[in-house]
Amino acid sequence: MTNSIEEVANQAFDYVIVGGGTAGLTLAARLTEDPTNKVLVLEAGPENLNDPAILTPAPPGLTMNNPKYAWPFKTVPQPGLGGREMPMQRGRMLGGSSGLNFLLWNKPPAGDIDDWEKLGNPGWNWERFQKYAKKMEGFHPSGPEAQELHRQKTIISSHGLDGPVKTMFPKWVCDVQNPIEDSIRAAGIPLAKDPFGGDPVGTYMGTGSVDHRTAARSYSVPAYYVPNKGRSNLTVLCGAIVHRILFASFVGGGEIEASGVEFEHGDVKHVVDARKEVILCAGALKTPQILELSGIGDKKVLEPLGIETKLYLPGVGANMQEHLFCVAIFELGPNVEFGTFDDLHNKDFAAKELKEYAHHQGIHTTFLTGLTFVPPQFITRTQSEAVELIASQKAKVEAAIAAGTLPPGLKEQWMLQIERYEQAKSGSCEVITFPGFFGGVGEPGKKYVTIAGNLNSMFSRGSVHITSHNLMDDPAMDPRYFEEHFDLKLFAELMRFVRRIPDHEPLKGLIAKEVFPGPSVSTDEQIQEFIKKHSNTTWHTISTAAMLPRDQNGVVDGNLRVYGTKNVRVADLSVVPLHVAAHTQREAAADIVMGKA
Ligand SMILES: Cc1cc2nc3c(=O)[nH]c(=O)nc-3n(C[C@H](O)[C@H](O)[C@H](O)COP(=O)(O)OP(=O)(O)OC[C@H]3O[C@@H](n4cnc5c(N)ncnc54)[C@H](O)[C@@H]3O)c2cc1C
């Protein structure tokens with residue numbers, strides 16, 4: 001049981017954490033290791049403790065359109081998607097999006113993280129990232145037989161073994177997995193050398209945030225809240241929606257000092273005091289809203305709404321970066337006998353699998369398994385195509401720099417992206433496999449395999465800004481997908497590659513036909529239209545309160561402190577300054593707050 005409003009309203013805590021999601025609960029657990037820190041977490045959503053819909057790993061995504069678990073956000077109409085509004089679900093419960101996500105646990109290339117340091121953030125490099133990633137990870141390796149059978153590349157030194165977030169390779173692996181990997185290799189992709197040690201370029205089997213002892217989702221609730229909920233210095237209130245930060249006064253150097261926050265609980269507004277700090281962990285789509293409603297942001301956004309600009313920081317809500325994915329679906333031939341997720345539509349198979357899961361076995365224990373991360377040079381039809389595509393984007397970037405038309409900070413980010421592309425260093429093009437018909441239902445009795453293309457280093461930048469005083473009105477989420485045409489052109493090449501994988505044996509011999517998008521989509525123009533219509537966010541939004549120098553539209557410094565404030569920090573994904581080739585669940589903030597990092 002979490003705490004009651006009586007234990008919170010009009011009380012004072014050392015640290016008030018806004019948002020009890022992935023980052024918020026992690027930070028609260030670490031800060032309360034010091035018994036002298038009195039910490040409050042305010043979470044908008046419900047507890048949802050011990051809920052099988054959250055804990056059962058597969059099939060993925062069953063809770064994400066249910067208001068009991070998710071914020072039903074969507075973008076404003078996107079010109080780059082033909083006017084489509086993109087659903088942008090996020091976890092709205094204790095655990096946040098770590099309770100809603102697809103459980104994939106992987107790590108980016110070392111160079112992607114080192115780029116954060118190059119952008120003006122000393123110490124934010126691969127070495128530190130890996131130190132904290134290992135601290136949070138409790139990896140359980142499979143036995144030698146499973147490692148060999150399922151090609152689970154296991155380099156123990158690249159994993160953390162004792163951390164609270166339990167990770168493992170899948171117990172249940174579909175028999176289509178090895179043929180897919182062989183066909184990807186036949187298409188010219190190498191095996192990844194050290195996927196969890198900073199070198200994931202190539203193809204490999206991914207791990208998931210699943211506890212091997214229970215075959216249940218390991219997320220920030222069992223990892224960080226449950227083991228620590230008895231601490232007398234930790235208070236967690238659910239159903240508490242924070243509206244704004246309250247400021248006491250200006251202090252030395254023109255900085256403002258937060259005194260606490262105003263929040264709503266059961267339709268009643270309350271105030272709670274922060275003796276030391278207010279730390280925002282409301283996620284990349286809500287943190288900028290709270291900053292703006294508190295008078296921190298761009299005058300051009302705040303003044304038309306009659307909000308006094310207490311702190312002019314035009315980077316709030318700007319520099320939004322996304323990942324996108326799009327799928328191709330293939331029907332498996334009639335002779336295929338192995339099970340896929342499609343078989344869950346068969347009552348007998350479904351009943352058998354439920355029994356299996358009661359013994360921590362079977363299809364419900366699994367997650368997305370096959371991963372490939374490569375630069376464009378590996379996936380375009382010819383090498384020169386990739387080289388020309390990158391060269392033309394470089395020329396465009398250089399022209400924009402020469403014309404002085406870029407917003408502050410973008411030049412530095414784009415030049416690093418160009419370098420990644422030119423040196424073929426990163427995993428900007430990702431391929432994920434799913435044994436079944438993803439996102440819908442195929443023909444009864446048939447089996448499918450889905451292969452997704454994910455784009456991880458887009459040049460387009462969007463924004464998240466308030467359009468009203470009311471926190472209950474979602475901010476305008478505008479990723480401006482494909483504003484940079486390079487992103488769409490590269491995505492089309494990636495989808496061509498995805499669709500070529502089944503041209504190679506052994507997958508070729510298992511596939512009957514491509515059903516989505518199907519043979520009517522073949523020209524560059526048709527593929528681009530298909531992507532505009534059917535691509536999906538990968539729910540990895542970052543950089544809406546970016547950790548960058550202040551004159552480069554930065555919102556927080558390298559200690560995650562909001563510029564111009566004495567005691568407000570942001571510790572969620574909003575601070576990440578440049579996107580990486582990886583999925584985004586992840587710890588470092590507590591040691592920074594306590595000055596130990
Ligand atoms: C559907 C989906 C699938 C994903 N799949 C994967 C995957 O397979 N692998 C992977 O690595 N990553 C995945 N991700 C991404 C990953 O889960 C997120 O990047 C990560 O969890 C974000 O953490 P966060 O702390 O920034 O935000 P969150 O975990 O979303 O936490 C924000 C919290 O703040 C609360 N909040 C918001 N506003 C307020 C307010 N005003 N007052 C109080 N509380 C508030 C929210 O309710 C929420 O609990 C996925 C995400 C989604 C949504």
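Me: In this predicted model, buried means under 20% relative accessible area and exposed means over 50%. Is valine 242 buried or exposed?
Reply: Valine 242 is found in strand 13, residues 240–250. Its relative accessible area is 5%. The cut-off for buried is under 20%, so valine 242 is buried.

Me: Which residues does valine 242 touch, leaving aside those up to four places away in sequence?
Reply: Valine 242 belongs to strand 13. Not counting residues up to four places away in sequence, its contacts are Val18, Leu42, Val261, Glu262, Phe263, Ile290 and Leu471.

Me: Which residue of the UniProt "binding site" annotation does the lining of the largest pocket take in?
Reply: The annotation, from an unreviewed entry, covers Val242, Trp539 and His540. These residues are spread over 299 residues of sequence and, in space, up to 22.7 Å between C-alpha atoms. From this set, the lining of the largest pocket takes in Trp539.

Me: Is histidine 540 buried or exposed?
Reply: Histidine 540 is found in the loop between strand 25 (536–537) and strand 26 (568–570). Among the residues it touches are Arg90, Glu322 and His579. Its relative accessibility is 6%, and the cut-off for buried is under 20%, so histidine 540 counts as buried.

Me: Which residue in strand 12 is the bridge partner of leucine 42?
Reply: Leu42 lies on one side of strand 2 with Leu40, while Val39, Val41 and Glu43 lie on the other, and all are buried. Strand 2 runs parallel to strand 12 (residues 234–238), joined by five bridges. In strand 12, the partner of leucine 42 is leucine 237.

Notes: Residues numbered from 1 in each chain as written. Predicted model: local features only at pLDDT ≥ 70, side-chain atom pairs only at ≥ 80, totals over all residues. Heavy atoms only, no water. UniProt positions renumbered as here; feature names shortened; annotations may be inferred. 1 Å grid on protein atoms, 1.4 Å probe; cavity = no way out; pocket = protein on both sides within 12 Å on 5 of 7 lines; lining within 4 Å. Helix = DSSP H or I, 4+ residues; strand = E, 2+ residues; numbered from the N terminus. Buried < 20%, exposed > 50% of the residue type's maximum accessible area, 1.4 Å probe, protein only. Contact = heavy atoms within 4.5 Å. Pairing = 2+ DSSP bridges.
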